[in-house]
Amino acid sequence: MIEVGSRRRNQPAPPHAVFEDLTAPNRSASRPWLHLLDDEVLPEVLEVRAPDHVVWSSLWRRPDAWIGFSLLQGGPGGSTDLRWTLYVDEPAPDDSLTGHMRKRLNTIVNADLRYSYGQ
């Protein structure tokens, strides 16, 4: 497996809330955040190590890709520093596909999930 993308950003919610959302996406009908495109599939949660590690299967019809999440306390306000890392089997996809996958993860995690917390 090789890493083809990673980003760390702060989420306004505390780590336990972000952890719950990553282990059960869209568990709350009043606060859905995992909005998939037509070429995407609902990920499976492959690995969980409470309270700071979650691994998803691929969002795409690429069984060789997976996403790792690490959660750290974000500071005195109770926020979470959340890092997603995208891994794929070699050979890496072309630059266009890699860019698309990174952009989608960034949108899902650092926009949709973040906005679901009211930010």
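**Exercise 1. Which residue in E3 does glutamate 47 stand opposite?**

Solution. Before starting, note that this is a predicted model in which local features need pLDDT of at least 70 and side-chain atom pairs count only at pLDDT 80 or more, while totals for chains, interfaces and linings use all residues. Residues are numbered from 1 along each chain as its sequence is written, and side-chain values use heavy atoms, with hydrogens and water left out.

Step 1. Helices (H or I, at least four residues) and strands (E, at least two) are DSSP runs numbered from the N terminus, and two strands pair if DSSP finds at least two bridges between them.

Step 2. E2 and E3 run antiparallel and are joined by 4 bridges, and the hairpin that connects E2 to E3 passes through 3 residues.

Step 3. Within E3, the residue opposite glutamate 47 is valine 55.

**Exercise 2. Place the strands in their sheet and describe how they pair, then locate helix H1 against them.**

Solution. Step 1. The sheet is open and has 5 strands, which follow the order E1-E5-E4-E3-E2 with antiparallel pairing. Strand E1 (2-11) and strand E2 (45-49) are the edge strands, each of them pairing on one side only. From one strand to the next, the twist averages 15°, where axes are lines fitted to C-alpha atoms, for helices over the stretch in contact, and angles run from 0 to 180 degrees between N-to-C directions.

Step 2. Moving along that order, E1 pairs with strand E5 (residues 80-88) in the antiparallel sense over 9 bridges, and here glutamine 11 has threonine 80 of E5 as its bridge partner. E4 and E5 pair antiparallel over 8 bridges, and threonine 80 in E5 also stands opposite glutamine 73. These two strands, E4 and E5, form a hairpin with 6 residues between them, and glycine 75 in the turn has a positive phi of about 145°.

Step 3. E3 and E4 are joined in the antiparallel sense over 5 bridges, with serine 70 in E4 as the bridge partner of histidine 53.

Step 4. Helix H1 (residues 15-23) lies across E1, E2, strand E3 (53-57), strand E4 (66-73) and E5, and runs at about 165° to E4.

**Exercise 3. Examine the surroundings of tryptophan 56, and classify the ring pairs that tryptophan 56 makes.**

Solution. Step 1. Tryptophan 56 is buried, with a relative accessible area of 0%, given that buried means under 20% relative accessible area, exposed over 50% and partly exposed in between (1.4 Å probe, protein chains only). In E3, 5 of its 5 residues are buried; His53, Val55 and Ser57 point one way from the strand, whereas Val54 and Trp56 point the other way.

Step 2. Rings of Phe, Tyr and Trp (its six-membered ring) pair if their centres lie within 6.5 Å, and planes under 30 degrees apart count as stacked, over 60 as edge-to-face and the rest as tilted. By this rule the count comes to 3 aromatic pairs. For tryptophan 33 and tryptophan 56, the ring centres are 6.2 Å apart and the planes are at 20°, so this pair is stacked. Because tryptophan 33 lies in the loop between H1 and E2 and tryptophan 56 in strand E3, the pair ties together parts that are 23 residues apart in sequence.

Step 3. For tryptophan 56 and phenylalanine 69, the ring centres are 4.8 Å apart and the planes are at 70°, so this pair is edge-to-face. Phenylalanine 69 belongs to strand E4, and the pair links parts of the chain 13 residues apart. Ring pairs thus join Trp33, Trp56 and Phe69 into a cluster, in which tryptophan 33 and phenylalanine 69 are each buried at 1% relative accessibility.

Step 4. The largest nonpolar core (a set of buried Ala, Val, Leu, Ile, Met, Phe, Trp, Tyr and Cys residues joined through side-chain atoms within 4.5 Å) has 26 residues, and Trp56 and Phe69 are among those with the most contacts inside it. H1, E3, E4, E5 and helix H2 (95-116) each give two or more residues to this core, with the largest share, 5 residues, coming from H2.

**Exercise 4. Is serine 58 buried or exposed, and what does its side chain reach?**

Solution. Step 1. Serine 58 sits in the loop between E3 and E4, and with a relative accessible area of 5% serine 58 is buried.

Step 2. The side chain of serine 58 reaches the backbone oxygen of arginine 62 at 3.1 Å.

Step 3. With neighbours within four places in sequence left aside, serine 58 is in contact (heavy atoms within 4.5 Å) with Val41, Pro43, Ala65, Trp66 and Ile67.

How values were computed. A polar contact is a pair of N or O atoms within 3.5 Å; within protein, one must be able to donate a hydrogen and the other to accept it, and residues adjacent in sequence count only if both atoms are side-chain atoms.
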